[in-house]
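Grab a coffee and open the viewer. Here are a few exercises to work through at your own pace, each with a solution underneath.

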Amino acid sequence: MSEERHDIMDETAIRRALTRIAHEILEKNKGIDNCVLVGIRTRGIYLARRIAERILEIEGKQVVAGELDITSYRDDRSGSNEGGGGTAACVDRDGQSLGIQDKRVILFDDVLYTGRTIRAAMDALMDHGRPQLIQLAVLADRGHRELPIRADYVGKNVPTSKLEKIEVYLSEIDGEDKVTIIQQRGQQA
């Protein structure tokens, strides 16, 4: 079995997509007042921070960009407790608890696939408070939803087969910015 790798977004495409998403967030929310950006660990954190930087450049206003660890809320990982009742860290950049009560929360993840990660993230957020609303921003949407979840902001829609995989690389942890599609060869469907 071999695999073919194709880059579908480079550094420039990612930068443009994030700038567009920042503008869309500002437009849809009529500014950034009462908004909190929350990135799902790991790559979602860096996407949320980059959007916060873009918003500061565009609007001249600082927006909080926090992070969310949903490991204990996953229903597809061993050791989880059936998808709820766990403890998740929802913190700001300094490690302080992030206040989301009555806030407009924009949740960030790198790839939207089945929707299970987002469901777990929403459960974790609700255990921290009751947001006014939750919106979803993703860098890549590859389809194949198992739950009725749709992103409000999408960097790139990437139709895939279930045998394909999307990998996101971000300079903060991977040393480069790119999105790659991996096609498995020699595998039976």
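The exercises below start with model confidence and then go through a helix, a sheet and two loop residues.

**Exercise 1. Find out how confident the predictor is in this model, and where the pLDDT is below 50.**

Solution. Keep in mind that this is a predicted model. Start with the overall figure: the mean pLDDT of the protein is 91, and 91% of its residues reach 70 or more. Then look for the weak spot: over residues 79-85 the pLDDT is below 50. Even so, that stretch has 13 contacts in the model beyond near neighbours in sequence.

**Exercise 2. Check the span of helix H2 against the expected one, then work out what covers its buried residues.**

Solution. Step one: H2 runs over residues 43-59, which is 17 residues. At 1.5 Å a residue you'd expect 24 Å, and the helix reaches 24 Å from its first C-alpha to its last. Step two: list the buried residues, among them Ile 45, Leu 47, Arg 49, Arg 50 and Ile 55. Step three: look at what sits over them. The cover includes helices H1 (11-28) and H4 (171-174), along with strands E2 (35-40), E3 (64-68), E5 (104-112) and E6 (133-141). Finally, step just past the end of H2: Gly 60 takes a positive phi of about 75°.

**Exercise 3. Put the strands of the open sheet with E1, E8 and E9 in order, and say which ones stand at the edges.**

Solution. The order is E1-E9-E8, with antiparallel pairing. Strands E1 (2-9) and E8 (164-169) are at the edges: each has a single partner strand, so one side of each is left without a neighbour in the sheet. On average, neighbouring strands are turned by 25° against each other, direction ignored. Now zoom in on one pair: E1 and E9 (residues 178-185) share 7 bridges, and Met 9 stands opposite Val 179 in E9. Helix H1 packs on this sheet, touching E1, E8 and E9, and its direction makes about 50° with that of E1.

**Exercise 4. Decide for Thr 160 and Asp 94 whether each is buried or exposed.**

Solution. Take Thr 160 first, in the loop between E7 (153-157) and E8. Its relative accessible area is 12%, and the cut-off for buried is under 20%, so Thr 160 is buried. Its side chain makes a polar contact of 3.0 Å with that of Arg 142, and Thr 160 also touches His 144, Ile 166 and Ile 181.

Next, Asp 94 lies in the loop between E4 (90-91) and E5. Here the relative accessible area is 66%, and exposed means over 50%, so Asp 94 is exposed. Asp 94 and Gly 66 are 28 residues apart in sequence, and their C-alpha atoms are 9.0 Å apart in space.

Note on methods
Residues numbered from 1 in each chain as written. Predicted model: local features only at pLDDT ≥ 70, side-chain atom pairs only at ≥ 80, totals over all residues. Heavy atoms only, no water. Helix = DSSP H or I, 4+ residues; strand = E, 2+ residues; numbered from the N terminus. Expected span 1.5 Å × (residues − 1). Buried < 20%, exposed > 50% of the residue type's maximum accessible area, 1.4 Å probe, protein only. Contact = heavy atoms within 4.5 Å. pLDDT = per-residue confidence, 0-100. Pairing = 2+ DSSP bridges. Axes fitted to C-alpha atoms, helices over the stretch in contact; angles between N-to-C directions. Polar contact = N/O pair within 3.5 Å; in protein donor to acceptor, adjacent residues only side chain to side chain. Lists of a residue's contacts leave out its neighbours within four places in sequence.
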